[in-house]
Amino acid sequence: MPVTLETQNSQLIALLSGELDHHSIRTIREDIDTAVSEQQPSTLILDFHNVTFMDSSGIGLILGRCKIMGGIGGTTTVRNPPPHIKRILRLSGIERLARIEMKPIETEESQ
Amino acid sequence: MKTLNAIRFIFPGISLNEHTARAVVSAFLVQTDPTVEELADIRTAVSEAVTNAVVHGYRHNDGDVELCIKLLADREIYIRIKDKGCGISDIEKAMEPLYTTAPHEERSGLGFAVMQSFMDSVRVRSKPGEGTTVTMRKKLRSIPCRSN
């Protein structure tokens, strides 16, 4: 599964994984948008920890979700992008629209 | 410049092959022992160019994409991605960051900006109705002498 969705309070967390490109994000986008319209979360968290590749199609995915979240008065957070993805995020200037957050990963021992 | 090794990979310009093209690039680059960052840079640039061919070049008709990768002297990587799609009428405009002809499809307009940022050089040749060829080069860091 390229995306797993979790709800925590009023946050919708989308755990992305694998390679994000123009081909693979189609179903991811549909899955996220369906959950957003059903749950109307206050924050959408896109978790990139397990993403192994992303090109500028991923920027389109983030931008589109920022627009949708903005439309329902919510915000979008990009969590734990790996170094290579951070470079594309910086190039795109997306931090003006979405919060970029580095959150320590919870290991099994600390849970 | 002397070509040490080269491959040509021709594939249908469908979105599934964006991944295939990256896999081929990775396989070819193994021989150069690239850094994680170099490999990611080249894979991303190739992904952008192939996606452009699929999304824009072959928007209205089907066709093949040709990916050519060469390892040149002094650890320089040469990449050419060629389609016979619709072509670009205004290359300068197309290369402007954030410019896209498909905003409704959530295209960010950053493809060429990413290619330029991650590669040493990017050259685009295109003719409306005939297709587009993107040529990119990147020099890999030199490898220290090995004992074997």
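Which residues does B:Ile81 touch, not counting residues up to four places away in sequence? Select B:Ile81 and you will find B:Val46, B:Ala49, B:Val50, B:Ala53, B:Val65, B:Leu67 and B:Val134; residues are in contact if their C-beta atoms, placed from the backbone, lie within 7 Å.

Before moving on, note that this is a predicted model, where local features need pLDDT of at least 70, side-chain atom pairs count only at pLDDT 80 or more, and totals for chains, interfaces and linings use all residues. Residues are numbered from 1 along each chain as its sequence is written, while chains are lettered from A and ligands numbered from 1 in the order in which they are written.

Next, add B:Ala45, B:Val46 and B:Met115: with B:Ile81, they touch the most other members of the 54-residue largest nonpolar core. Such a core is a set of buried Ala, Val, Leu, Ile, Met, Phe, Trp, Tyr and Cys residues joined through C-beta atoms within 7 Å, buried meaning that 20 or more other C-beta atoms lie within 10 Å of a residue's own. Helix α2 of chain B (residues 36–57) gives the largest share, eight residues.

Now show the strands of chain B. β2 (residues 64–72) pairs in the antiparallel sense with β1 (residues 3–12) over nine bridges and with β3 (residues 76–83) over eight; pairing takes at least two DSSP bridges, and strands are DSSP runs (E, at least two residues), as helices are (H or I, at least four). Look for B:Ala6 bridged to B:Lys70, and B:Leu71 opposite B:Ile77.

Finally, show both chains: 17 residues of chain A are in contact with 21 of chain B. On the chain A side, α2(A) gives the most, with seven residues.

How values were computed
Contact = placed C-beta atoms within 7 Å. Buried ≥ 20, exposed ≤ 12 C-beta atoms within 10 Å, placed from the backbone.
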